[in-house]
Amino acid sequence: MKVYKLHKENLDCAKSEMEFDCSAEVAFNKLSDPSLRERWTSNVRQVQVKQEIENMKMLYILLKHTWGMSNREMLIAQKTQRSEEGTYYIIEKSLKDEEFYQNDTKNVKAEMNLSGFEIKPSGEGKCKVVYLVDYNPRGKMPGFCKRKTQSNIAKQLLTLSKTICS
């Protein structure tokens with residue numbers, strides 16, 4: 001697995017890529033299934049599908065950060081797409097619709113500026129997954145903590161490969 005840090009104008013994100021031991025279709029179906037998201041990491045406490053239309057979903061996600069930070073919550077739009085060549089895409093971005101947030105004022109509203117999976121077939125029963133994430137946990141924290149959090153999210157691709165392909 002490779003993890004990259006991309007820091008340019010208006011782009012402060014982490015990228016990881018890895019080969020999964022399952023087909024692109026299996027990886028896509030599991031990565032785009034909100035009910036499996038809580039298995040990705042111990043930080044995901046709750047996922048609710050608020051609305052769903054064809055290949056778009058609005059998801060409410062509650063996160064618990066393990067190193068003493070308060071809970072974070074996000075409302076994201078998730079769009080899925082399959083190209084004619086068999087490559088799958090999952091793109092996510094934060095929304096700011098207050099109506100769909102929980103009423104718990106202790107939660108900090110995090111932002112998923114951009115998150116995306118590219119899932120390409122790479123041979124018999126395998127696929128290459130590229131993950132890009134620009135996540136802002138918000139709240140009071142220095143920039144290096146934000147970058148560390150993004151890097152940790154990107155590194156979770158290793159755990160995901162075991163969960164997704166089993």
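Biologist: Is Asp-21 buried or exposed, and at what relative accessible area?
Modeller: This is a predicted model, so take what follows as a description of that prediction. The bar for exposed is over 50%. Asp-21 clears that bar, so the label is exposed, and its relative accessible area is 55%.

Biologist: Okay, which residue forms a salt bridge with Asp-21?
Modeller: The closest N and O atoms of the pair are 2.7 Å apart, and the partner of Asp-21 is a lysine, Lys-126. Asp-21 sits in the loop between β2 and α1, while its partner is in the loop between β8 (111-121) and β9, so the bridge ties together parts 105 residues apart in sequence. At 31% relative accessibility, the partner counts as partly exposed. So the residue you want is Lys-126.

Biologist: And Glu-73: which residue forms a salt bridge with Glu-73?
Modeller: The closest N and O atoms here are 3.5 Å apart, and the partner is Lys-109. The two link distant parts of the chain, with Glu-73 in strand β5 (residues 72-82) and the lysine in strand β7 (residues 108-109), 36 residues apart. Glu-73 is buried, at 0% relative accessible area, whereas its partner is partly exposed at 28%. That makes the answer Lys-109.

Biologist: Which residues are joined into one network by salt bridges that share partners?
Modeller: Part of that network is the bridge between Glu-17 and Lys-128, with closest N and O atoms 3.5 Å apart. Glu-17 lies in strand β2 (residues 11-20) and Lys-128 in strand β9 (residues 127-136), so this pair ties together parts 111 residues apart in sequence. Glu-17 is buried at 13% relative accessible area, and Lys-128 is partly exposed at 35%. The full network is Lys-15, Glu-17 and Lys-128.

Biologist: How many salt bridges does the structure hold?
Modeller: We've been through three pairs by name: Lys-126 with Asp-21, Lys-109 with Glu-73, and Glu-17 with Lys-128. These are among the bridges in the structure, whose count is 5.

Biologist: Switching to Ser-32, which residue's backbone oxygen does its side chain reach?
Modeller: Ser-32 is in the loop between α1 (24-31) and β3 (44-53). It is buried, because its relative accessible area is 8% and the cut-off is under 20%. The side chain reaches that backbone oxygen at 2.8 Å, and the residue is Phe-28.

Biologist: Leaving out residues up to four places away in sequence, which residues does Ser-32 touch?
Modeller: Phe-28 drops out of this list, since residues up to four places away aren't counted. With that exclusion, the residues in contact with Ser-32 are Lys-57, Gln-78, Thr-80 and Ile-90.

Methods:
Residues are numbered from 1 along each chain as its sequence is written. This is a predicted model: local features need pLDDT of at least 70, side-chain atom pairs count only at pLDDT 80 or more; totals for chains, interfaces and linings use all residues. Side-chain values use heavy atoms; hydrogens and water are left out. Helices (H or I, at least four residues) and strands (E, at least two) are DSSP runs, numbered from the N terminus. Buried means under 20% relative accessible area, exposed over 50%, partly exposed in between (1.4 Å probe, protein chains only). A polar contact is a pair of N or O atoms within 3.5 Å; within protein, one must be able to donate a hydrogen and the other to accept it, and residues adjacent in sequence count only if both atoms are side-chain atoms. Contact means heavy atoms within 4.5 Å. A salt bridge is a side-chain nitrogen of Lys or Arg within 4 Å of a carboxyl oxygen of Asp or Glu.
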